[in-house]
Amino acid sequence: TNNAGGVAGSANAAQISSVEVTGSKITADKNAGGIAGAFAGKIEATQVEATVSGDIAGGFIGTTMLGTKAVITNSKANAKVIPIEGAASAGGFAASVTNGSALTIADSVVMGGSSIGSSMASGGFIGDVQGEAEVLGSASYAEVEGYKSSTKVAVGTGGVIGKVSCADFSDVSVKNVNVGGKVTAYNYAGGIIGWCNSPLYIKNC
């Protein structure tokens, strides 16, 4: 399965509000998310409690869609994100923001007890950012883990975002965000960002 989610495998221009996904186990070969494997649109006042597994696996969204924007507001993730062996990215809310897309997460929480498992790019909110991203007025209490062996080197493990590598140097902002979870990896680990080669704005964190 390429796209799997607790609400939809893939959803474009979607409006999701006041939804609860509880006790779900979501697995995909590629994109997996507590709400959708691939997503564009708006999610608000929604709570996900799920175990999510895939190459690109997120508590809410596996990946954003090219040429679109996704917004998550006033929501809570209580997720165990378990990437498959050699996985590309994992995140408490979203695993991947693709080049040419945008994601905003605001006034939302990744709850204590959440865990983001080992992958190439792991983040409390977002695993890998190649497009535009904002994390605003939010908090993560998740335990985030990158590879802890020199034989498997993660490219970024962060309390907010694992890896920022925007091909078009898009803006990435992290403002008024609290990180209260443990972040561990063999290398490229950070309390906010694991690895970055693009413009980045951080304030009040």
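Me: In what order do the seven strands of the open sheet stand?
Reply: The model is predicted: local features need pLDDT of at least 70, side-chain atom pairs count only at pLDDT 80 or more, and totals for chains, interfaces and linings use all residues. Residues are numbered from 1 along each chain as its sequence is written, and side-chain values use heavy atoms, with hydrogens and water left out. Strands are DSSP runs of E, at least two residues long, numbered from the N terminus, and two of them pair if DSSP finds at least two bridges between them. The pairing here is parallel, and the order is 1-4-7-11-16-21-26.

Me: Which strands stand at the edges of that sheet?
Reply: An edge strand here has a single partner strand, so one side of it is left without a neighbour in the sheet. That describes strand 1 (3-5) and strand 26 (189-190).

Me: Which residue stands opposite Thr157 in strand 26?
Reply: Strand 21 covers residues 156-158 and runs parallel to strand 26, joined by two bridges. Opposite Thr157 stands Ala189.

Me: How many helices does the protein chain have?
Reply: Helices are DSSP runs of H or I with at least four residues. The chain has 28 strands, and its helix count is zero.

Me: Which side chains of strand 10 point to the buried face?
Reply: Buried means under 20% relative accessible area, exposed over 50%, partly exposed in between (1.4 Å probe, protein chains only). Along residues 76-81 the side chains alternate. Lys76, Asn78 and Lys80 point to one face and are not buried. The buried face takes Ala77, Ala79 and Val81.

Me: Which residue in strand 10 is the bridge partner of Val48?
Reply: Strand 6 pairs with strand 10 in the parallel sense, over six bridges. Val48 has as its partner there Ala77.

Me: Which residue in strand 15 is the bridge partner of Lys80?
Reply: Strand 10 runs parallel to strand 14 (residues 109-110), with two bridges, and Lys76 is matched there with Val109. Strand 10 also has two bridges to strand 15 (residues 115-116), again parallel. In strand 15, the partner of Lys80 is Ser115.

Me: Which residues have the most contacts inside the largest nonpolar core?
Reply: A nonpolar core is a set of buried Ala, Val, Leu, Ile, Met, Phe, Trp, Tyr and Cys residues joined through side-chain atoms within 4.5 Å. The largest one has 46 residues. Ile126 touches, among others, Leu103, Ile105, Val135 and Ile161, not counting residues up to four places away in sequence. The most contacts inside the core belong to Phe39, Phe60, Phe125, Ile126 and Ile161.

Me: Which side chain meets Glu44 in a salt bridge?
Reply: A salt bridge is a side-chain nitrogen of Lys or Arg within 4 Å of a carboxyl oxygen of Asp or Glu. The count by this rule is one. Glu44 is partly exposed at 31% relative accessibility, and its partner is also at 31%. With N to O at 3.9 Å, that partner is Lys42.

Me: How far from Lys163 is the nearest side chain of opposite charge?
Reply: Lys and Arg count as positive, Asp and Glu as negative; His and the chain ends are not counted. Lys163 lies in strand 22 (residues 161-164). Contact means heavy atoms within 4.5 Å, and Lys163 touches residues including Asp128, Val155 and Trp195. Lys163 is buried without a salt bridge, and the nearest opposite charge, on Asp128, is at 4.7 Å.

Me: Phi of Ala45 is positive; near what value does it lie?
Reply: Most residues other than glycine have a negative phi. Ala45 sits in the loop between strand 5 (36-44) and strand 6 (47-53) and is partly exposed at 33%. Its phi is near 50 degrees.

Me: Is Asn204 buried or exposed?
Reply: Asn204 follows strand 28 (200-203), and its phi is also positive, near 55 degrees. At 54% relative accessibility, Asn204 counts as exposed.

Me: What share of the exposed area do carbon and sulfur atoms supply?
Reply: Of the 205 residues of the chain, 53% count as buried. Accessible areas come from the Shrake-Rupley method with a 1.4 Å probe; for residues, only the protein chains shown count as cover. The chain exposes about 8000 Å², and the carbon and sulfur share is 47%.
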